[in-house]
Amino acid sequence: MPIESGEAIARIAKALKHKPGALLPILQEIQEQLGHIPSEAVPIVASELNLTRAEVHGVVSFYHDFRSEPPGRHVIRICQAESCQAMGSAVLTAFAKTHLGIDFHETTADAAFSLEPVYCLGNCACSPAMAVGKEVYGRMTPQRFQEVLQEVAGKSE
Amino acid sequence: MDVQRLVKMANDIASFFEAEPDTSKGARGAADHLKNFWDPRMRRQLLSYLDEQGGAGLKSIVLEALRQHRLEIAGQQPPDR
Amino acid sequence: MHAIDDIDYGTPRKVSDTMVTLQVDGSAVTVPAGSSILYAAQAAGRRIPKLCATDSLEAFGSCRLCLVEIQGRRGYPASCTTPVEEGMRVRTQTPRLADLRRGIMELYISDHPLDCLTCPANGHCELQDMAGAVGLREVRYGYDGANHLEVPKDESNPYFTFDPSKCIVCSRCVRACAEVQGTFALTIDGRGFASKVSPGQRESFMDSECVSCGACVQACPTATLMENSVYQMGQPDRAVVTTCAYCGVGCSFKAEVKGDQVVRMVPNKDGHANHGHSCVKGRFAFGYTTHPDRILKPMLRKSIDEPWKEVSWNDAIGYVAGEFKRIQAGHGSDSIGAITSSRCTNEETFLVQKLVRAAFGNNNVDTCARVCHSPTGYGLKTTLGTSAGTQAFDSVEKAGVIVVIGASPTDGHPVFASRMKRRLREGAKLIVVDPRAIDLVRTPPGIEAACHLQLQPGTNVALINSLAHVVVTEGLANEAFALERCEPADYQKWKAFVSQQTYAPEQVEQVTGVPAAQIRQAARLYATGGNAAIYYGLGVTEHSQGSTMVIGMANLAMVTGNLGREGVGVNPLRGQNNVQGACDMGSFPHELSGYRHISDAGVRGLFEKEWNVTLNPEPGLRIPNMFDAALDGSFKAIYIQGEDFAQSDPNTQHVESALRAMECVVVQDLFLNETAKFAHVFLPGSTFLEKDGTFTNAERRIQRVRKVMPPMAGLADWEITMAIANAMGYSMHYDHPSEIMDEIARLTPTLRGVSFEKLDRLGSIQWPCNDNAPEGTPTMHVGQFVRGKGKFTMTEYVATEERTSRKYPLILTTGRILSQYNVGAQTRRTGNVAWHQEDVLEIHAHDAEQRGIADDAKVSVASRAGNVVLTARISDRIQPGVVYTTFHHPVSGTNVITTDNSDWATNCPEYKVTAVEVSPVARHSEWQRQHRDFTARQQALLKERETIEA
């Protein structure tokens with residue numbers, strides 16, 4: 001981890017430590033600024049809040065939204081909730097994994113895409129749904145999946 | 001024993017009892033302490049040091065204790081000496 | 001896993017004035033309000049299946065196995081999380097419950113290795129028991145689904161193995177680490193199916209914050225966390241309740257045994273000092289008891305330059321008696337003496353002092369308390385009337401303010417520290433007085449001292465007087481208490497004394513280095529924060545004003561009325577398992593058992609009648625006096641039972657010269673320790689596992705030590721002492737240590753009601769125990785002080801003569817570490833070396849930089865007494881100007897540099913203040929080189945010994 005990140009983490013922890021229930025806001029802010037919560041952040045946050053490393057690690061690992069590794073440039077989240085499952089999200093998920101060559105919570109070797117499960121994007125009427133970054137897509141099929149990927153990859157170039 | 005060690009130990013005791021404003025009470029306290037906690041051979045050696053070398057280096061409260069309470073400090077002679 | 005013969009009630013026992021009666025499967029049962037249904041069912045003898053519940057932990061409700069049916073309620077509530085209610089009707093076994101439980105067990109077993117026959121928990125596994133209890137016959141899900149069976153083991157800890165493949169994620173280990181030990185080193189990583197137990201951040205136990213107390217191992221219902229000794233030896237077949245032989249907390253243990261071999265030690269849930277908890281030393285570090293270094297035959301030699309010669313017990317005892325008599329005939333009866341051991345039992349200690357007073361005919365007996373808590377004895381006796389701490393450990397649960405002075409409980413008294421931490425997390429305030437930032441100053445999660453008075457070593461008395469000054473001058477004194485309970489004239493005199501401007505915080509700041517505002521804040525908190533309890537250690541006593549400081553603390557407690565009830569008091573944290581007992585037994589040269597002065601003719605008369613001798617009415621030599629007398633030729637022989645003063649006592653060179661000057665040094669010990677290298681006779685002693693007796697812990701609690709195996713060398717320590725007495729012509733005859741305790745009780749008013757029979761019945765007894773208090777006394781000085789009126793005593797601050805100078809500009813202070821115990825003779829011979837392989841010198845970055853010292857560099861530490869070489873560790877726990885080390889390893893020679901300054905009243909050495917200079921070097925000091933050579937020569941003389949057949 002670069003020294004600057006360590007300094008940023010310490011600064012965030014110091015700035016927010018007096019909030020009630022400060023741990024979550026601190027972790028959120030670290031992820032916001034660094035894109036993820038490196039394991040080196042844990043002892044810094046723990047020491048600032050007078051918690052053990054185990055306690056902080058437990059919280060980081062409990063919430064799927066906290067990532068310990070830097071994400072790809074695009075985070076793809078495929079809905080696994082009831083409505084989407086009924087409309088074929090399992091097939092979509094299997095295709096996505098094969099197509100990208102990664103499992104959930106992993107990032108492609110070229111750091112372009114990370115794949116995550118999500119439980120409801122509020123788009124049940126258009127199941128199965130997925131999101132890339134903050135953009136939500138409905139009525140997904142393997143075909144549509146490839147198109148969306150090309151589209152976002154094109155945009156980011 | 002090394003008499004200088006005894007002198008130091010006696011002076012250490014004195015420095016506690018120096019807090020007592022009434023010096024005769026302080027000397028009483030120091031004398032009792034010597035009698036209650038020191039082996040007689042150490043007490044007698046300290047007395048000889050007073051008698052033979054004038055007790056140089058001993059704090060005044062120790063000197064007073066040794067002079068005022070000499071018999072008690074000397075204690076009983078062991079039967080086989 | 002819990003002890004083999006424990007009944008697990010599932011949830012903790014609750015204390016309540018209200019009792020609740022309910023029906024469990026048709027039987028009425030009455031339990032305290034707040035109890036769980038699970039607890040009530042167990043109390044009624046009904047076993048409800050359970051996995052995540054155990055009675056050392058609060059209910060968690062995750063396994064769903066302990067479901068029950070309650071008349072009039074819907075569903076199947078978990079009996080662990082449901083409190084009892086009056087008139088409740090509970091059914092624990094119904095067809096529906098059986099189905100539900102079997103279904104749950106199927107899920108557990110579908111992801112569990114089916115290797116029961118080769119599993120170390122086989123025969124004592126809760127998961128296996130539950131499968132049996134619910135009648136599991138098949139697992140409909142099969143075993144091919146996703147599972148955790150391939151997760152590798154963590155074998156990093158020397159004492160236990162973590163095998164996650166067997167884990168059912170019940171969280172008992174995580175909760176035990178938090179609730180019982182208070183370390184919070186474990187967590188659940190991830191969630192859902194991915195959940196797994198993780199030390200620290202998904203790391204090994206050894207790399208995590210784990211302190212290896214073993215609470216997790218004890219809590220685990222499967223073989224996931226299992227003692228390596230059980231892997232190696234299998235399940236034990238019986239349990240013997242005994243008392244730990246390490247620190248003064250006095251944890252009660254069940255030694256679980258197979259034949260006469262200890263398989264594991266499990267802290268006793270019914271132990272009154274530890275309530276089922278332990279530390280890494282007590283639970284795991286017992287391997288020294290069977291270490292190959294133990295010497296198991298008596299040995300003799302005429303000179304310390306000769307090889308040893310093994311001899312029979314008869315020859316050894318005969319030789320000792322002959323030499324002692326010869327020396328007394330030639331040099332007078334005062335020319336020999338003995339040391340009792342704080343590691344031995346009360347009965348053994350009592351016999352050694354009896355040997356000295358009755359058979360030697362003098363009072364040259366002393367004990368290692370001389371070098372640790374002798375000032376406690378003097379100070380508390382002077383002010384309150386008895387030489388012991390005022391409270392039970394349980395009292396801390398009622399404290400509002402906890403003051404820790406010169407002690408590091410998480411290192412030295414870890415099991416009590418866990419209880420202290422629990423109380424602090426409940427909201428009690430903490431004041432720490434210590435030159436070093438001990439763990440408690442800031443300990444995650446959440447513990448932070450309200451004040452850390454980081455004073456210069458050697459200025460305790462100035463500080464305590466200043467705290468008293470603030471209390472008195474700011475009108476915070478409890479005048480009613482002081483005037484009613486204490487001598488009024490002394491009180492007035494003392495008030496005037498501490499009110500002097502000299503002790504105003506603004507003045508004392510100059511001496512102690514503690515900002516005046518902090519002193520005022522601490523004094524106000526102590527005086528006004530509700531019940532305030534002082535806990536202290538050797539940082540108080542091991543000073544030239546050790547006794548004065550003890551008096552000062554008692555004064556402060558008296559002036560604020562913090563004595564005579566629960567939650568308050570002045571409490572020494574005693575270092576050794578039986579240092580309280582050794583003192584109680586009359587191990588000091590000036591007093592008989594029960595702290596009665598040898599000059600008291602009435603008391604002497606009792607002993608003279610019982611022992612059939614005339615006793616010498618004058619006090620004998622103390623340990624340092626014995627060394628001085630040895631050097632001047634008037635002290636020639638010594639019998640040392642279980643003490644290693646060549647390593648533990650200050651100014652090593654002085655001690656070594658004294659030992660060399662004696663004609664007959666008899667060491668009775670387990671190992672050829674540093675002192676034994678100067679001995680002429682070695683008598684092999686026995687460990688606490690090899691004999692019966694009692695230990696008395698720091699809260700005056702007498703507990704049984706029970707024999708688990710026969711003495712490896714043939715005789716228990718008390719039998720050796722008895723043999724020496726008989727060989728010297730003084731008849732002693734006891735068939736069992738209980739007879740010695742009966743004699744102690746006959747002769748000692750504070751122990752009159754103590755007997756082995758009563759100890760077996762009550763589990764433990766806190767003295768005084770007599771007709772006034774037949775079951776003992778948890779809290780002292782209730783209503784009135786033991787001495788009648790409390791005695792305020794003036795405590796003038798006198799700076800130590802050990803000062804810094806241009807040549808020795810730093811102050812060295814010493815302490816302890818969790819994994820090692822004192823001189824390390826035991827713990828260095830166990831797996832505990834994994835945590836502490838050498839003593840290091842902690843030095844502040846500022847001082848290190850000035851001297852060109854890098855982290856991990858070898859440095860010379862030189863004092864006026866000597867010099868040694870240690871490894872430097874840069875640390876911010878200490879302030880610039882102060883350095884710190886431990887003395888667990890003989891080669892460190894820490895006591896080569898400590899001086900022979902001592903407490904004015906008791907000659908307790910001033911270990912805590914030595915002026916030193918630290919400089920980078922390349923090799924060991926001259927003393928260390930000589931020590932290495934001498935040790936090698938002595939080891940060779942041991943190896944070359946002439947042996948005899950057993």
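This text walks you through two topics: the meeting of chain B with chain C, and pairs of aromatic rings.

Keep in mind that this is a predicted model, in which local features need pLDDT of at least 70, side-chain atom pairs count only at pLDDT 80 or more, and totals for chains, interfaces and linings use all residues. Residues are numbered from 1 along each chain as its sequence is written, chains are lettered from A and ligands numbered from 1 in the order in which they are written, and side-chain values use heavy atoms, with hydrogens and water left out.

Let us start where chain B touches chain C. Here 28 residues of chain B are in contact with 35 residues of chain C, contact meaning heavy atoms within 4.5 Å. The size of an interface is often given as the accessible area lost when the parts come together. For chain B and chain C, the buried area is about 2,700 Å², with 51% of it on carbon and sulfur atoms; this area is found with a 1.4 Å probe and summed over both parts.

What holds charges face to face here? The rule finds 5 salt bridges across the interface of chain B and chain C, each being a side-chain nitrogen of Lys or Arg within 4 Å of a carboxyl oxygen of Asp or Glu. B:Arg5 forms a salt bridge with C:Asp900, and their closest N and O atoms are 2.7 Å apart. On the side of chain B that touches chain C, α1 (3-17), α2 (23-37) and α3 (40-53) each supply at least two residues. The largest share, 8 residues, comes from α1(B). Helices here are DSSP runs (H or I, at least four residues), and strands are too (E, at least two), numbered from the N terminus.

Now for the rings. A search of the whole structure finds 30 aromatic pairs over all chains. Rings of Phe, Tyr and Trp (its six-membered ring) pair if their centres lie within 6.5 Å; planes under 30 degrees apart are stacked, over 60 edge-to-face and the rest tilted. C:Phe160 and C:Phe284 form a tilted pair, 6.0 Å centre to centre with 35° between the planes. This pair links strand β5 (residues 160-162) and helix α7 (residues 280-284) of chain C, 124 residues apart. Both C:Phe160 and C:Phe284 are buried (under 20% relative accessible area, with exposed over 50% and partly exposed in between; 1.4 Å probe, protein chains only).

The rings of C:Phe324 and C:Phe360 are edge-to-face because their planes stand at 85°, with centres 5.4 Å apart. C:Phe324 and C:Phe360 are buried as well.

Notes:
Buried area = accessible area lost by both parts, 1.4 Å probe.
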